Amino acid sequence: MALSERIKKTIEGIRHQFPTEQALLIPALLEAQDEHGWVSLDNMRDIGDYLHLPLAKVREVASFYTMLKLAPQGKVDLQICTNISCWLNGADKLVACAQRKLHVSNNGTTADGNFTLTQVECLAACGTAPAIMLNEDYYENVDEAQLEKLIDQASSDLAGGRPVGKSTRTEGVWP
Amino acid sequence: MMYNNEHYEPVITPNVDKTDCHTLDFYIQHEDGYKALAKALAMNPDAVVDEVKKSNLRGRGGAGFPTGMKWSFMPKDPKNADGTPKPKYLVCNADEGEPGTFKDRLIFTKTPHRMIEGMIIAGHAIASNKGFIYIRGEWFKETRLMQKAIDDAYAKGFLGKNILGTGFNYDLVIYKGAGAYICGEETALLNSLEGKRGEPRLKPPFPAMVGAFGMPSCVNNVETFAAVPYIINKGWEKYAKMGTERSGGTRLIGVSGHINKPGVYELPMNLSINDIIEIAGGVKGGTLKAVIPGGASAPMLKASECGCLTDYDSLAKAGTMAGSGGLIVMNDTVSIPEATYTLLKFYEHESCGQCSQCREGSHWLARMFKRILDGGGTQDDLDYIAKICGNMAGQTICAFADAVTGPALSSVRKFRHEFEELILKGGLTGIGRQEAVSHKMEGAHV
């Protein structure tokens, strides 16, 4: 399997901006993550081949960053910030609520493969705590009722084949 | 409120509540947008550096290093071994992630052109033709807004070739991080920008000599750049006057936690912590117990210490730091050991693992705090925490280890009775532990 045309197009679109080829590694990994929902060893090998980097180098980078997932994830990455300001404003309750509603533990994926629940560190939205993310989108000042609603909405969007948590994205445009 | 400062006026946020304040049109029409750029480009680069030096602008990322001085460290005419000129790079640190800090996100979403203009001026000042904006990966919307702002600036000729007909060329490039707090440390950020693990570099050489891609580089925070257009437009004196003797201008203070009106406030530095809490509507849900004045890494202050002023020097004198301007307020319902554990879990997760003192120390501290919360702590633990911290601070490649010891040490020193009570009572159970969420760390057996 080789790198998809889409990823190649993104990389070639920004190649001229950087003085080294290795600088394109993280953008390539992020794109692979976006395309597959996680970064597999095959993805890493393909990226390494394309950017002329040894597999070990690609792996050591891929394993460093928390946004790059090295195992399959749910279609919706539900991230709840549990750091200090969100914690002070009830993030614990949101985590418990999501666990109850989705029947998953932390870092778990629902049986239908739709949701992965993650507790994350500071999202830089402390003034509107508690903050959560659904895929690419922030939701702030969230309470349990709203969280349940967001999960329901995401479920119905998934069932209807609609994108979830990508409200600011323009397909085919980087970033 | 006049903030008892006749010189004060908002530098960065005068219009952030207005519709379309993030657009180029608004910036040009209502905020003298890109006028400072024209003025700066007509000045000698050294004069621009001098202006910023005299303004007493200090780095807003956390360390508070004088910005003009940092710019002056950039070599004038660096050459490769073969005599060809080396490029110089300017880097904007937009990897905001210090718990309690959310000011840069406001600039990105409400006044991105101010930062862009500041970067172009800085580029002129250090004779660089290229800037990178390193943005934390979670900011999808913010990254796209910034890219749009950059595209608009190119379209109007504020970026690109021959800017405003002066012959100066400048390009701005966005780079997305992928989730790592440590990449806010400038040399870790540079490694990440080069497509490597975000591990801080041993210094020297400093970035001004060997920075991004091995070239002389200067890294500044978003807010630092955003202050530059004002300084050029209104002059260093006006900016310097707003601040204290050794630190000019205003600061963006993010107030969060148990506070009635959380948010980002642009304030002069002659206010006390108590003043700021009052401005932000007062403590929510109880009386004040403690604050963290400058982002999670700043040592805590007790309520009785909150008369302290919030400039860099006063906070340093009080044994803490102004840091990134994140003021976290905690009321009397909070268990300080539990709050500190929340922070220590974060540090344990974010240590890059390069230095053993930090890798092991942040892990041990988190486990010891957990053990105390769970009822397995001993009096000896409290002394041992101090000992571990002593072996971490100042012993590592970067300041992360020092940052871990900020909350760990200050909480034990200032709220020792809460820890002793937990040790005697056998843990938090029964004295108001919040919702039973699993704080269990996989495989942790101390």
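# Notebook: a predicted two-chain model

**Entry 1, the sheet of chain A.** I began with strand β1 (residues 76–81) of chain A, which pairs with β2(A) in the parallel sense over six bridges. For my own reference, strands are DSSP runs of E with at least two residues, helices are runs of H or I with at least four, and both are numbered from the N terminus. Two strands pair if DSSP finds at least two bridges between them. Across this pairing, A:Asp77 stands opposite A:Thr116 in β2(A).

Before going on, I noted that this is a predicted model, where local features need pLDDT of at least 70, side-chain atom pairs count only at pLDDT 80 or more, and totals for chains, interfaces and linings use all residues. Residues are numbered from 1 along each chain as its sequence is written, while chains are lettered from A and ligands numbered from 1 in the order in which they are written.

Back in chain A, I traced an open sheet of four strands, in the order β2-β1-β3-β4 with mixed pairing. Its edge strands are β2 (115–120) and β4 (137–139), each paired on one side only. Neighbouring strands of this sheet are turned by 20° against each other on average, direction ignored. I then found α6(A) lying across β1, β2 and β3 (132–134) of chain A, at about 150° to β1(A). Here axes are lines fitted to C-alpha atoms, for helices over the stretch in contact, and angles run from 0 to 180 degrees between N-to-C directions.

**Entry 2, where the chains meet.** How many residues does the contact take from each chain? I read 40 from chain A and 51 from chain B; two residues are in contact if their C-beta atoms, placed from the backbone, lie within 7 Å. On the side of chain A that touches chain B, the elements giving two or more residues are α2 (25–36), α4 (55–62), α5 (84–88) and α6 (91–102). α2(A) gives the most, with five residues. By class, that side of chain A has 26 nonpolar, nine polar and five charged residues. Ala, Val, Leu, Ile, Met, Phe, Trp, Tyr, Cys and Pro count as nonpolar, Asp, Glu, Lys and Arg as charged, and the others, Gly among them, as polar.

**Entry 3, B:Gly177 and its surroundings.** In chain B, I stopped at B:Gly177, in the loop between β3 (171–176) and α8 (186–193). Is B:Gly177 buried or exposed? B:Gly177 counts as buried because it has 26 C-beta neighbours inside 10 Å; the cut-offs are 20 or more other C-beta atoms within 10 Å for buried, 12 or fewer for exposed, and partly exposed in between, with C-beta atoms placed from the backbone. Among the residues that B:Gly177 touches are B:Asp95, B:Ile135 and B:Cys183. B:Ile135 itself stands opposite B:Lys176 in β3(B), and six bridges join strand β2 (residues 130–135) of chain B to β3(B) in parallel.

**Entry 4, further along chain B.** I saw that chain B is divided into domain 1 (24–242), domain 2 (251–331) and domain 3 (336–425), with bounds from an automatic or database domain assignment. The centres of domain 1 and domain 2 of chain B, taken over C-alpha atoms, are separated by 27 Å. Their contact takes 14 residues from domain 1 and 17 residues from domain 2.

Last, I looked at strand β5 (residues 251–257) of chain B, which five bridges join to β6(B) in antiparallel fashion. A hairpin connects β5(B) to β6(B) through five residues.

How values were computed:
Lists of a residue's contacts leave out its neighbours within four places in sequence.
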